[in-house]
Amino acid sequence: MKRFLWVLFSALFLGVIGYSAFQFVDFDYAYTPPDDKLMAYQVNERNSYDLWGEHITDQQAKELEKTEDGREKLKAENGAVKIDQDLIDLGRKTFYEETFGNEYFFTDIMGVLDGPITFANISKAILALKGEGTNNLQIELAEDITIGNKTYKKGDKIDTGLDVVKGSHVPLGMPVSVDDGRVRIGVSCAACHATVDPDTKKIIEGAPNQDFNVGLMLALATNSTAFFTHTDVENIKEYIVNHDRTIANSKGKQEALPDAEKLEKKVDETFANWPKGSVDSTIDLVGNPAQIPDSFTLHDHPYGWTGFAMAGPFKGLTVFSHNVHSQNTDSLSQTGISEDLLGIDKEVYLATILQNAASEEFRFAPDKNQKPSEFFKTVDPTPNSVGINESVTNPEYPKVSLLAPDGVIINSPGYKFSMQMNGAAAFQNSIQPPKPKEQYDGNTVKVGRKVFERANCISCHAGNALTNHKIIPVQEIKTEPSRAKAHKKTEIIFGEPLYYSPDTPVPLPKNPRILKVPIKNLDPEQIKLAYAHGDSLGGYKVPSIIGLYWTAPYLHDGGVAVGSDLETELGVPGTLANNKLPDPANSLRALVDKTLRAKVIEANQQDTGLKQVHITGEGHEFWVDESTGFTKEEQDQLIQYLLSLSTIEDRE
């Protein structure tokens with residue numbers, strides 16, 4: 001089978017056969033690495049339970065099973081999720097292989113393979129590696145394109161940050177499928193939350209893909225407008241050119257559509273400004289990308305940069321994963337709430353996304369006197385889902401909640417409710433970062449821990465994962481504020497935290513069991529901060545600092561970045577924008593050194609593109625330098641301690 005796949009892919013890669021050869025061939029291929037390709041290792045209790053975020057160990061479960069009340073507590077119909085090897089294995093498969101159908105969104109609607117990046121050129125670049133693998137696949141462009149004031153020429157090679165494991169034939173986390181004669185690529189968790197180490201060529205599971213050039217790749221797609229909600233398009237009416245080009249909105253009134261070309265140019269400019277390793281995962285019509293978070297998730301709740309994923313299974317980690325797949329890989333899933341959150345009628349919203357779809361099959365034509373929703377029903381590959389991805393809706397849909405911040409819960413048919421995402425959560429919690437490649441002196445690390453305590457870092461970075469699990473008001477932490485209030489409008493349609501029972505089959509039966517999720521242990525003020533509800537300006541969560549060696553740059557906006565040279569490789573312009581990975585030690589120094597941070601912020605401010613997408617590197621002004629009475633030697637000791645942390649046991 002492996003030989004067959006290699007021959008099949010090689011033939012396609014070399015351009016010997018065209019797409020027409022696949023008219024009667026259907027297949028899917030995704031790479032899941034064997035253990036010998038991994039740098040990280042896993043630890044977890046294999047026979048335990050999760051009950052709405054409460055972890056029940058194997059021993060505790062045995063005690064509970066002795067009583068009738070205890071046995072009731074462990075039943076799936078009451079919300080209990082059994083954590084065993086089968087669930088973790090499903091989670092790993094989901095992490096690497098599952099797209100939930102987003103290949104239709106990225107290929108047929110967004111057109112990621114229809115512009116200067118083609119499948120043939122991706123394949124050519126992989127073949128050029130001669131099986132050696134890379135952490136940055138360089139792809140030759142198939143045509144000229146101008147984005148903003150920069151022109152990319154045919155034949156230019158761009159840095160994609162896509163990772164290819166030694167011996168594999170597709171980029172990590174980008175499953176390939178062929179159906180109805182069309183080659184499609186989708187995205188799984190691994191594209192962002194795993195990376196290939198440039199030295200060993202092994203996979204670091206859970207580490208963010210620091211140089212993944214998501215923004216540019218989206219900008220090069222023919223219909224990046226499909227993601228316009230992640231950009232600074234505050235009012236799509238500003239992009240109307242022909243007021244006679246109208247459709248009937250959901251109220252039956254004629255409404256003009258924005259010009260596809262004009263809107264596309266604006267969206268492309270915003271995407272091209274995203275730093276490598278960053279993604280905008282909020283639909284607030286503000287371009288405010290944040291760096292890709294790591295998946296070293298054990299005891300790192302609440303989840304998300306603002307801590308919005310705080311309730312439900314695995315202390316909110318399941319909710320975080322649902323949100324990523326339903327929102328970040330399918331903007332069509334927001335159709336039902338577009339008017340409440342964006343002020344855009346759902347028919348206009350759909351038409352805006354589909355009017356320039358890459359595939360003619362999915363392209364909406366306003367002159368056909370057909371509502372966009374009616375048109376979409378005729379081509380929708382998942383008619384039982386809100387968008388194009390496989391999903392079910394929140395029990396109170398179109399309301400949103402702590403359990404479904406965008407109203408949609410990702411789920412493939414044939415699996416029990418939330419089973420795949422519960423598996424992904426269990427798998428991610430089993431990942432621990434590998435030991436750093438650098439060796440740190442044990443005595444220096446111990447002294448660094450004392451500096452950590454004396455500098456009062458422990459006031460926030462405490463506990464078994466070096467986080468107090470709190471959300472800090474943006475006025476206090478003083479980091480770039482726009483992302484902190486990205487969920488503010490959800491207050492309009494916020495409902496009860498309801499969830500289907502984990503034993504519910506999907507597709508959902510007529511009367512699924514609905515459970516009210518307990519949230520009594522959550523502080524209402526923390527909820528307000530996470531969602532910027534009420535008079536709150538929002539906040540940012542205190543992250544775990546285990547695995548810092550693998551997660552530079554720092555802060556939510558990724559603005560605290562320094563390369564190997566402390567004088568010239570400053571900020572995003574001196575590192576990621578210059579094809580240099582941030583150095584973890586030097587970037588941490590900029591985090592705690594007031595003088596160096598000022599230089600980093602200044603370097604970021606010089607880049608007008610970074611200003612437009614709210615990347616500054618400001619905030620978290622907790623200095624450990626001469627200004628607060630610490631010596632350069634003590635600063636070095638602190639940095640070595642921080643970089644040495646790769647397991648929970650390393651914290652002391």
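**A small sheet and a helix pair**

Okay, let's start with the sheet: three strands, ordered E1-E10-E11, make an open sheet with antiparallel pairing. Keep in mind that this is a predicted model. At the edges sit E1, residues 27-29, and E11, residues 182-185, and each of those pairs on one side only. Going from one strand to the next, the twist averages 15°.

Let's look at one of those pairings. E10 covers residues 176-179, and its antiparallel pairing with E11 runs over four bridges. If you want a spot to click on, take Val178, which stands opposite Val183 in E11. And what packs on this sheet? That's helix H5, residues 102-110, which touches E10 and E11. The direction of H5 makes about 115° with that of E11.

Now over to the helices. As a reminder, a packed pair gets described by the angle between the two axes and the distance between them. For H4, residues 85-97, and H14, residues 419-429, the angle is about 95° and the axes are 7 Å apart. Anything from 65 to 115 degrees counts as roughly perpendicular, so that's what we call H4 and H14.

Which residues meet there? On the H4 side you've got Leu87, Ile88, Leu90, Gly91, Arg92, Thr94 and Phe95. Facing them from H14 are Met419, Gln420, Met421, Asn422, Gly423, Ala424, Ala426 and Phe427. Sort the residues of that contact by type and you get nine nonpolar, five polar and one charged.

How values were computed
Residues numbered from 1 in each chain as written. Predicted model: local features only at pLDDT ≥ 70, side-chain atom pairs only at ≥ 80, totals over all residues. Heavy atoms only, no water. Axes fitted to C-alpha atoms, helices over the stretch in contact; angles between N-to-C directions. Helix = DSSP H or I, 4+ residues; strand = E, 2+ residues; numbered from the N terminus. Parallel < 35°, antiparallel > 145°, perpendicular 65-115°, else oblique. Contact = heavy atoms within 4.5 Å. Nonpolar A, V, L, I, M, F, W, Y, C, P; charged D, E, K, R; others polar. Pairing = 2+ DSSP bridges.
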